[in-house]
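Here is a short report on one protein chain. Keep the structure open while you read, and find each residue as it comes up.

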Amino acid sequence: SLEEKNKDHIVTGFEVKKIHREGTRWIVSSEQEERSYDRIISTMPIHALVDALDAPEEIRRAAKGLRYNSLITVMIGLERHKINDLTWLYIPDEEALTHRVSFPSNYSPYVAPAGRSSVLAEITCNFGDKLWRMDDEYLVDRVIDDLDRLKIINKEEVCFRDVRRLKYAYVVSDIEYQENISRVKEYMQEIGIDLLGRFSEFQYLNMDGCIRSVLNYLAKNPAYDQTE
């Protein structure tokens, strides 16, 4: 729905590799193609943005110091009309891989086929660690067994299974967070790149918080929609 009125202005499948300034214009490159803009608003992860820029070493160090958790999500479909009345639950069990389970089909009847239920099991990890490197099939089997053991699901009812991985999932606010993010944001402000979104602003924003951040930005920059 957000895309519908803007399809003619959206480019997809363009991986930003390099950003540099030429006069008053920004040149954004995917290494196969270059595009020119007079203004940049970044919603990409701040780490990737700094990597794409010719940023000073101190800014690169600050960005590298911004910590985050990654996420593996195991998606499960069940041959059952309604598994429970819950939205989500946390699992404080060291023997279980997943720390949180949600039930999307309890939010809306349109997110699962009629007569079936959906389950999302989240596994928090660090990008590249032992959990991240685990085989998808092993992860799915282990999560299904864990949830069956905890009597959250009946594994005999499983009719769908899949895995998705998200490198950037949760902002970690360690003791160096404020100093590091302040340095990076000050640098972006100096060069004229605006930051919007959870991992560009590097704040723990949910979807409604991201949209509110955009609306606040537009209120402060009413001429934005006149730029290219």
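E179 is partly exposed, with a relative accessible area of 48%. This value comes from a predicted model. The side chain of E179 meets that of R183 in a salt bridge, at 3.4 Å from N to O. R183 is also partly exposed, at 38% relative accessible area. Where do R183 and E179 sit relative to each other in helix α4? They are four residues apart, so about one helical turn separates them.

**Salt bridges**

The count of salt bridges comes to 19. Three of them are listed here, with the N to O distance.

| Salt bridge | Distance (N to O) |
|---|---|
| E33 and R35 | 3.2 Å |
| R164 and D162 | 3.0 Å |
| R183 and E179 | 3.4 Å |

Look at the exposure of these residues. E33 has a relative accessibility of 37%, so it counts as partly exposed. R35 is partly exposed too, at 28%. D162, the partner of R164, has 26% relative accessibility and is again partly exposed. The cut-offs explain the label: partly exposed lies between buried, under 20%, and exposed, over 50%.

Some salt bridges link up. D93, R142, D146 and R149 are joined in a network of them.

**A three-stranded sheet**

Now turn to the strands β1, β2 and β3. They form an open sheet in the order β1-β2-β3, and the pairing is antiparallel. Why do β1 and β3 each have one side without a neighbour in the sheet? β1 (18-22) and β3 (34-37) stand at the edges, and each has a single partner strand, so one side of each is left free of a sheet neighbour. From one strand to the next, the twist averages 25 degrees.

Strand β2 covers residues 25-29, and four bridges join it to the antiparallel β3. Find W26 and look across to β3: Y37 stands opposite.

**Two loop residues**

The loop between β2 and β3 holds E31. Its phi is near 80 degrees, a positive value in a residue that is not glycine. Is E31 buried or exposed? At 62% relative accessibility, E31 counts as exposed.

K151 is another case. It is not a glycine, yet its phi is positive, at about 65 degrees. K151 lies in the loop between α3 (136-149) and β9. With a relative accessible area of 74%, K151 is exposed.

**The nonpolar cores**

Next, look inside. The largest nonpolar core has 27 residues. Which of them touch the most other members? They are I46, V184, M188 and F202. Several elements give two or more residues to this core: β2, α1 (46-52), α2 (57-64), β9 (158-171), α4 (177-191) and β10 (193-195). Helix α4 supplies the largest share, five residues.

Take I46 as a starting point. Leaving out residues up to four places away in sequence, I46 touches L66, V184, M188, L195, F199, S200 and F202. A second core is separate from the largest one and has 24 residues. Among its members are A96, V101, W132 and V163.

**Back to α4**

Helix α4 has now come up twice. It gives five residues to the largest nonpolar core. It also carries R183 and E179, four residues apart, whose side chains meet in a salt bridge.

Notes
Residues are numbered from 1 along each chain as its sequence is written. This is a predicted model: local features need pLDDT of at least 70, side-chain atom pairs count only at pLDDT 80 or more; totals for chains, interfaces and linings use all residues. Side-chain values use heavy atoms; hydrogens and water are left out. Two strands pair if DSSP finds at least two bridges between them. Axes are lines fitted to C-alpha atoms, for helices over the stretch in contact, and angles run from 0 to 180 degrees between N-to-C directions. A nonpolar core is a set of buried Ala, Val, Leu, Ile, Met, Phe, Trp, Tyr and Cys residues joined through side-chain atoms within 4.5 Å. Buried means under 20% relative accessible area, exposed over 50%, partly exposed in between (1.4 Å probe, protein chains only). Contact means heavy atoms within 4.5 Å. A salt bridge is a side-chain nitrogen of Lys or Arg within 4 Å of a carboxyl oxygen of Asp or Glu.
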